Structures are given as C-alpha cells and as structure tokens.
Amino acid sequence: MTHRTTPPPRICPDCDGQASAAITLGGRDRHGHLRTITAHCPACHGTGTRPLRAQEGARA
C-alpha cells in the first residue's frame, strides 16, 4: 500500500505564521497599563496562512 503524502503547510512566507504583533507605544496610561497597538502582516492580513490556489493540491 502506498503512503499518502501530507500537503505542504500553508504558512505565510512573509511572517512565518506570526501574523500579529503587539507593539508598545512607549508609555503608560493613567491607570498604569502599558499602551499597545496590534500590527498585522500585510500579506496574510493577520491569519498566518497563505490562501489556497486553484492548482495547489488539485487532482486532474
């Protein structure tokens, strides 16, 4: 019996799957909480995966 191959991972090549990052703004608010913003990968829009293509993984 032949072994089935697993499909290649769909990890975004631009961010390596780390699609979002919290970046500090360099200060604290009046309650003492650290001010942060969230930045998303522009290539995958914060999902960490690349979109499927029609030919990728399709059988004829």
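Below, a trainee and a mentor talk through a predicted model of one protein.

Trainee: Where do I start? How many helices and strands are there?

Mentor: Zero helices and two strands. Remember that this is a predicted model.

Trainee: Which residues make up the strands?

Mentor: Strand β1 covers residues 20-28. Strand β2 covers residues 34-40.

Trainee: And do they pair in the parallel or the antiparallel sense?

Mentor: Antiparallel, over six bridges. Take two examples. A21 stands opposite A39 in β2. T24 has T36 in β2 as its bridge partner.

Trainee: What sits between the strands of that hairpin?

Mentor: Five residues. Look at G32 there: its phi is positive, near 90 degrees.

Trainee: G32 is a glycine. Which residues other than glycine have a positive phi?

Mentor: D16 and H45 are two to look at. D16 has a phi of about 55 degrees. H45 has a phi near 60 degrees.

Trainee: Where are they along the chain?

Mentor: D16 is in the segment before β1. H45 is in the segment after β2.

Trainee: Is D16 buried or exposed?

Mentor: Exposed, because its relative accessibility is 58%. The cut-off for exposed is over 50%.

Trainee: And H45, buried or exposed?

Mentor: Also exposed. H45 has a relative accessible area of 65%, so it passes that cut-off.

Trainee: New topic. How many disulfides does the structure hold?

Mentor: Zero. C12 is in no disulfide, and the nearest cysteine sulfur, that of C15, is 3.8 Å away.

Trainee: Why is there no bond for C15?

Mentor: Because the closest cysteine sulfur, in C12, is 3.8 Å from the sulfur of C15, and that is too far for a bond. The cut-off for a disulfide is within 2.5 Å.

Trainee: Remind me what a disulfide is?

Mentor: A covalent bond between the sulfur atoms of two cysteines.

Trainee: Are C12 and C15 buried or exposed?

Mentor: Both are buried. C12 has a relative accessible area of 3%. For C15 the value is 14%. Buried means under 20%, so both values fit.

Trainee: What share of the protein is buried?

Mentor: Buried residues make up 12% of the 60 residues.

Trainee: How much surface does the protein expose?

Mentor: About 5600 Å². Carbon and sulfur atoms supply 53% of that.

Trainee: Which residues form a nonpolar patch on the surface?

Mentor: I23, L25 and I37. Together they have about 250 Å² of accessible area.

Trainee: Pick one. Where does I23 lie?

Mentor: In strand β1. I23 is partly exposed, with a relative accessible area of 40%.

Trainee: How do side chains point in a strand, anyway?

Mentor: In a regular strand they alternate between the two faces of the sheet.

Trainee: Last one. What share of the contacts joins residues 24 or more positions apart?

Mentor: Among contacts with a separation of 6 or more, 47%.

Trainee: Can you recap the hairpin and the cysteines?

Mentor: Sure. β1 and β2 pair in the antiparallel sense over six bridges. The hairpin has five residues between its strands, and G32 takes a positive phi. The structure holds zero disulfides. C12 is buried, and C15 is buried.

Technical notes. Residues are numbered from 1 along each chain as its sequence is written. This is a predicted model: local features need pLDDT of at least 70, side-chain atom pairs count only at pLDDT 80 or more; totals for chains, interfaces and linings use all residues. Side-chain values use heavy atoms; hydrogens and water are left out. Helices (H or I, at least four residues) and strands (E, at least two) are DSSP runs, numbered from the N terminus. Buried means under 20% relative accessible area, exposed over 50%, partly exposed in between (1.4 Å probe, protein chains only). Contact means heavy atoms within 4.5 Å. Accessible areas come from the Shrake-Rupley method with a 1.4 Å probe; for residues, only the protein chains shown count as cover. Two strands pair if DSSP finds at least two bridges between them. Patches are made of residues with over 30% relative accessible area and no salt bridge: like charges are joined within 9 Å, nonpolar side chains (Val, Leu, Ile, Met, Phe, Trp, Tyr) within 5 Å. A salt bridge is a side-chain nitrogen of Lys or Arg within 4 Å of a carboxyl oxygen of Asp or Glu.
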